[in-house]
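Please open the model in a viewer and keep the selection panel at hand. The tour below proceeds from one selection to the next and states what is found at each stop.

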Amino acid sequence: MSTPARRGRPGYDLESLLQVAVKLFNERGYDGTSMEDLSRKLGITKSAIYHHVPSKEELLRLAVDRALNGLFAVAAETESFEGRAIEKLEHLVRGSVLVLVEQLPFVTLLLRVRGNTKIERAALARRREFDRLVTELVKQAETEGDVRPDIDPAVTARLLYGMVNSLIEWYRPRRGSAGTELADAVCKIAFDGLRTQ
């Protein structure tokens with residue numbers, strides 16, 4: 001058996017192309033990045049890029065889907081998780097932080113889309129679906145008596161994920177550091193609070 005020949009210029013496959021595109025989208029904004037910018041950054045022609053993807057929009061779709069698919073995989077895992085709703089919610093938050101750490105540039109891009117294109121609107125719709133899942137878990141935890149009832153569950157969910165999503169602004173992975181440490185810190189603050197008592 002022979003290995004199929006790679007398409008495109010040596011050194012650039014779809015994955016490496018996507019990594020560079022996401023980096024540029026995060027630096028310049030999706031709308032502010034042209035295929036010409038991408039070709040210059042890669043040192044290849046635009047036609048070499050089009051050998052891998054039909055459009056800039058496809059690069060955006062692949063990128064935001066990677067982040068969303070990671071989050072929804074954690075949500076699906078959480079649904080089969082045994083335990084109280086608060087334990088499921090903590091599992092979901094912990095898993096979301098790990099997705100963010102593992103896919104930081106992709107999650108960063110997802111959190112910066114504003115709905116200017118069809119793909120961005122679809123991504124925002126999926127984000128709202130994820131938000132509804134989180135809100136439902138908060139409601140269940142409230143019903144079970146594990147979450148304070150004096151705050152709207154949607155507000156609690158937004159505050160909780162506001163903390164998680166803020167990580168894209170300051171978190172920078174260090175060699176040898178594990179995302180689990182960050183996930184532990186987020187969960188301790190979110191579920192145990194700041195107070196020592």
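Helices (H or I, at least four residues) and strands (E, at least two) are here DSSP runs, numbered from the N terminus. The model is a predicted one, in which local features need pLDDT of at least 70, side-chain atom pairs count only at pLDDT 80 or more, and totals for chains, interfaces and linings use all residues. Residues are numbered from 1 along each chain as its sequence is written, and side-chain values use heavy atoms, with hydrogens and water left out.

**Stop 1: salt bridges within a helix**

Select Glu136 and Lys139 in helix H7. Their side chains form a salt bridge, with the closest N and O atoms 3.3 Å apart; the term denotes a side-chain nitrogen of Lys or Arg within 4 Å of a carboxyl oxygen of Asp or Glu. The two residues are three apart in helix H7, so about one helical turn separates Glu136 from Lys139. Glu136 is partly exposed at 40% relative accessible area, and Lys139 is partly exposed at 38%. In this scheme buried means under 20% relative accessible area, exposed over 50%, and partly exposed in between (1.4 Å probe, protein chains only).

Move next to helix H2 (residues 35–42), where Arg40 and Glu36 lie four residues apart, about one helical turn. A salt bridge joins their side chains at 3.7 Å, N to O. Arg40 is exposed, with a relative accessible area of 55%, while Glu36 counts as partly exposed at 33%. Extend the selection to Arg28, Asp37 and Lys46: together with Glu36 and Arg40 they are linked in a network of salt bridges. The whole structure holds 15 salt bridges.

**Stop 2: a salt bridge between helices**

Select Asp65 and Arg126. Their closest N and O atoms are 3.4 Å apart, in a salt bridge. Because Asp65 lies in helix H4 and Arg126 in helix H7, this pair ties together parts that are 61 residues apart in sequence. Arg126 is partly exposed, with a relative accessible area of 23%.

**Stop 3: aromatic rings**

What describes a pair of aromatic rings? The distance of the centres and the angle of the planes do so. Rings of Phe, Tyr and Trp (its six-membered ring) pair if their centres lie within 6.5 Å; planes under 30 degrees apart count as stacked, over 60 as edge-to-face and the rest as tilted. The structure holds four aromatic pairs.

One of them is formed by Phe25 and Tyr30, edge-to-face, at 5.0 Å centre to centre and with 80 degrees between the planes. Both Phe25 and Tyr30 are buried. Another pair to select is Phe72 with Phe130, which is edge-to-face at 5.7 Å centre to centre, with 80 degrees between the planes. Phe72 lies in helix H4 (residues 56–79) and Phe130 in helix H7 (residues 118–143), so parts 58 residues apart in sequence are tied together by the pair. Phe72 counts as buried at 16% relative accessibility, and Phe130 is buried at 5%. Add Tyr161 to the selection: ring pairs link Phe72, Phe130 and Tyr161 into a cluster.

Return to Tyr30 and show Lys56, which lies over the face of the Tyr30 ring at 4.3 Å from the ring centre. A charge sits over a ring if NZ of Lys or CZ of Arg is within 6 Å of the ring centre and within 35 degrees of the ring normal. Arg66 is placed over the face of Phe106, at 4.4 Å from the ring centre.

**Stop 4: the largest pocket**

Now display the largest pocket, with a volume of about 420 Å³. Of its 22 lining residues, the closest to the centre are Arg127, Asp131, Arg158, Tyr161 and Asn165. A pocket is an open set of points on a 1 Å grid over the protein atoms alone, where a 1.4 Å probe fits, with protein on both sides within 12 Å along at least five of seven lines; lining residues have an atom within 4 Å of a point. Grid points are joined across faces, edges and corners, and a volume is the space filled by probe spheres set on the points.

H7 supplies the largest share of this pocket's lining, eight residues. H4, helix H5 (85–102), helix H6 (104–112), H7 and helix H8 (153–165) each supply at least two.

**Stop 5: the second largest pocket**

Finally, display the second largest pocket, which holds about 370 Å³ of space. Its lining numbers 13 residues, of which Val147, Thr156, Leu160, Ala190 and Phe191 are the closest to its centre. The elements giving two or more residues to this lining are H5, H8 and helix H10 (179–192). H8 gives the most, with four residues.
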